[in-house]
Amino acid sequence: MANDGVNEPVNAGRRRFLTATTAVVGAVGAGFAAVPFIKSWNPSARAQLAGAPVNADISALQDGQRLILEWRGQPIWIVKRSKAVLDALPTLDGRLRDPKSENADQQPDYVRKANPELRSIKPDISVLVGLCTHLGCSPEMAAEIKPEPYDTEWKGGYFCPCHKSRFDMAGRVFQGVPAPTNLVVPPHHYADDNTIVIGVDPEGAA
Ligand code: FES
């Protein structure tokens with residue numbers, strides 16, 4: 001079948017995701033992310049492909065750091081947000097398409113109810129599917145609050161170089177970019193203070 005080109009950005013994003021994942025492992029050596037990253041690959045890779053839940057150990061995650069793992073073939077980002085970033089998020093509402101997470105397809109209801117602006121169960125820990133809602137590239141993280149070439153008022157967030165979509169540190173999409181919706185928050189819950197289970201709702205959640 002002829003390739004109509006529609007899938008190309010998705011494939012490009014997939015390549016970027018794989019590259020980024022490799023970069024995490026290669027860059028940290030024996031440092032902070034190596035252990036949680038490796039632990040995140042339990043159970044087996046084969047089980048993950050089948051859609052099994054994935055556990056993530058976040059005990060070593062520091063402010064501004066991101067743990068990347070894979071669930072159902074998708075990159076999952078777990079990011080610890082600083083107080084400055086959390087304080088800045090509500091100030092962005094007027095620049096966003098869906099600041100209160102009203103599109104129910106983009107996050108579980110228990111996440112929206114916990115806080116529609118932070119989009120997380122715990123305020124500081126954000127869990128997102130790292131794929132742009134435009135054509136599926138994996139955006140870059142720019143977590144620092146500082147002017148960026150694409151936004152002089154940048155409060156930290158994600159920038160998708162494919163077609164310049166921007167998202168804040170809660171994965172909320174800015175107005176005036178190609179991506180139509182906020183980044184997806186996957187189903188997840190905390191097994192204990194430092195263990196997130198990706199792919200399973202909290203007990204009793206609708
Ligand atoms: S895939 Fe087009 S802006 Fe992200």
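Buried means under 20% relative accessible area. Keep that cut-off handy for the first close-up of this predicted model.

**Figure 1. N182, a loop residue tucked out of reach.** Start by finding N182 in the loop that runs between β7 (165-168) and β8 (188-192). Is N182 buried or exposed? Its relative accessibility is 0%, and because buried means under 20%, N182 counts as buried.

**Figure 2. Who touches N182?** Leaving aside residues up to four places away in sequence, N182 is in touch with D98, S101, Q106 and R119. T133, G171, R172 and V173 are on that list of contacts too. Take a second look at V173: its backbone nitrogen sits 2.8 Å from a polar atom in the side chain of N182.

**Figure 3. A little open sheet made of three strands.** Now move to the sheet with 3 strands, which is open and has the order β5-β6-β7. The pairing here is antiparallel. Which strands stand at the edges? They are β5 (140-142) and β7, and each has a single partner strand, so one side of each is left without a neighbour in the sheet. If the strands look a bit rotated relative to one another, that fits: neighbouring strands are turned by 25° against each other on average, ignoring direction.

**Figure 4. Zooming in on β5 and β6.** How many bridges link β5 with strand β6 (residues 157-160)? There are 3, and the two strands pair in the antiparallel sense. You can pick out the partners yourself: E140 has F159 in β6 as its bridge partner, while A142 is bridged to G157.

**Figure 5. From β6 round to β7.** On this side of the sheet, β6 and β7 pair over 4 bridges, again in the antiparallel sense. G157, the bridge partner of A142, also stands opposite D168 in β7. β6 and β7 make a hairpin with 4 residues between the strands. In that hairpin, look for K164, which takes a positive phi near 70°.

**Figure 6. Where to be careful with the prediction.** For the chain, the mean pLDDT is 84, with 75% of the residues reaching 70 or more. Residues 1-10 are another story: pLDDT stays under 50 there, and the model gives them 6 contacts beyond four places in sequence. Over residues 18-41, too, the pLDDT is below 50, and this stretch has 26 contacts in the model beyond near neighbours in sequence.

Technical notes: Residues numbered from 1 in each chain as written. Predicted model: local features only at pLDDT ≥ 70, side-chain atom pairs only at ≥ 80, totals over all residues. Heavy atoms only, no water. Buried < 20%, exposed > 50% of the residue type's maximum accessible area, 1.4 Å probe, protein only. Polar contact = N/O pair within 3.5 Å; in protein donor to acceptor, adjacent residues only side chain to side chain. Contact = heavy atoms within 4.5 Å. Pairing = 2+ DSSP bridges. Axes fitted to C-alpha atoms, helices over the stretch in contact; angles between N-to-C directions. pLDDT = per-residue confidence, 0-100.
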